[in-house]
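Subject: Structure for your review

Dear colleague,

Please find below the structure that I am handing over to you. A summary of the findings follows it.

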Amino acid sequence: SICEYIRVEYRLIRVLIGVTRLMQGKANIMINKLFLLLQKPALWQRSYEPFWDDEHISKGMLEAHLNPDSNTASRKHSYIERSVKWLTSIIPAGSKILDLGCGPGLYTKRFSDAGYDVTGIDYSKRSIAYAREHDTKTKYIYKDYLEMDYTGEFDATTLIYCDYAAL
């Protein structure tokens, strides 16, 4: 009958209106997400994430430091040897040396083996753990050296291999 036909059409129209509203809602959500993605990021923001302790980053950095033939995280080990030889020729024997950004202790160990009283500071737990394991003579500190407060405690301070550029 015509009444039954009208009831079916009415229900169908109500279903279509509901589906349309649902799709519009999803479309609005998707459009809003697109607008968020299109926003320009801030040029620079200080991060408070533990970058140097990130599991992947710290593992790769330590591997790069320890590769004797690579100039990536540290200089080639042959270059380190020459640098330490030169530095020990100008830093008086027995001096107290502070090495900022010491990493896994490639320089600090050589300084301590040469008879210096050495302290190394680095902001990577993995690098400090490695350094402590391989050099018991040096005092290693896990810390952001930008927050240190030493005054007149050391005779020489080193900040080697472009660490300053990472600040």
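I begin with the surface. Four residues, F51, W52, Y123 and Y142, form a nonpolar patch there, and together they have about 380 Å² of accessible area. Please bear in mind that this is a predicted model. Within the patch, F51 belongs to the loop between helix 1 (2-38) and helix 2. The relative accessible area of F51 is 44%, so this residue is classed as partly exposed.

Turning to the interior, the largest nonpolar core consists of 11 residues: I80, V84, L87, I91, I97, L106, Y107, F111, Y116, V118 and A156. At least two residues of this core come from each of helix 3 (77-90) and helix 4 (106-113). Apart from this core lies another one, made of 6 residues, including L98, I141, Y145 and F154. I97, a member of the largest core, touches I91, F111, Y116, D117, V118, T119, F154, A156 and T158, leaving aside residues up to four places away in sequence.

S74 may also be of interest to you. This residue is located in the loop between helix 2 (55-66) and helix 3. S74 counts as buried because its relative accessibility is 6%, and buried means under 20%. Its side chain makes a polar contact with the side chain of H65, at 2.5 Å. Not counting residues up to four places away in sequence, S74 touches H65, I80, L106 and Y161.

Finally, I come to the charged pairs. The whole structure contains 4 salt bridges. One of them joins the side chains of R126 and E55, with an N to O distance of 2.5 Å. Since R126 lies in helix 5 (residues 125-134) and E55 in helix 2, this pair ties together parts that are 71 residues apart in sequence. R126 is partly exposed at 27% relative accessibility, whereas E55 is exposed at 58%.

Salt bridges also link K109, D113 and K137 in a network. Between the side chains of K109 and D113 the N to O distance is 3.0 Å. These two residues are 4 residues apart in helix 4, and so are separated by about one helical turn. In the salt bridge of D113 with K137, the closest N and O atoms are 2.8 Å apart. This second pair links distant parts of the chain, with D113 in helix 4 and K137 in the loop between helix 5 and strand 3 (139-142), 24 residues apart. K137 is exposed, with a relative accessible area of 53%.

Yours sincerely

Technical notes
Residues are numbered from 1 along each chain as its sequence is written. This is a predicted model: local features need pLDDT of at least 70, side-chain atom pairs count only at pLDDT 80 or more; totals for chains, interfaces and linings use all residues. Side-chain values use heavy atoms; hydrogens and water are left out. A nonpolar core is a set of buried Ala, Val, Leu, Ile, Met, Phe, Trp, Tyr and Cys residues joined through side-chain atoms within 4.5 Å. Buried means under 20% relative accessible area, exposed over 50%, partly exposed in between (1.4 Å probe, protein chains only). Contact means heavy atoms within 4.5 Å. A polar contact is a pair of N or O atoms within 3.5 Å; within protein, one must be able to donate a hydrogen and the other to accept it, and residues adjacent in sequence count only if both atoms are side-chain atoms. Patches are made of residues with over 30% relative accessible area and no salt bridge: like charges are joined within 9 Å, nonpolar side chains (Val, Leu, Ile, Met, Phe, Trp, Tyr) within 5 Å. Accessible areas come from the Shrake-Rupley method with a 1.4 Å probe; for residues, only the protein chains shown count as cover.
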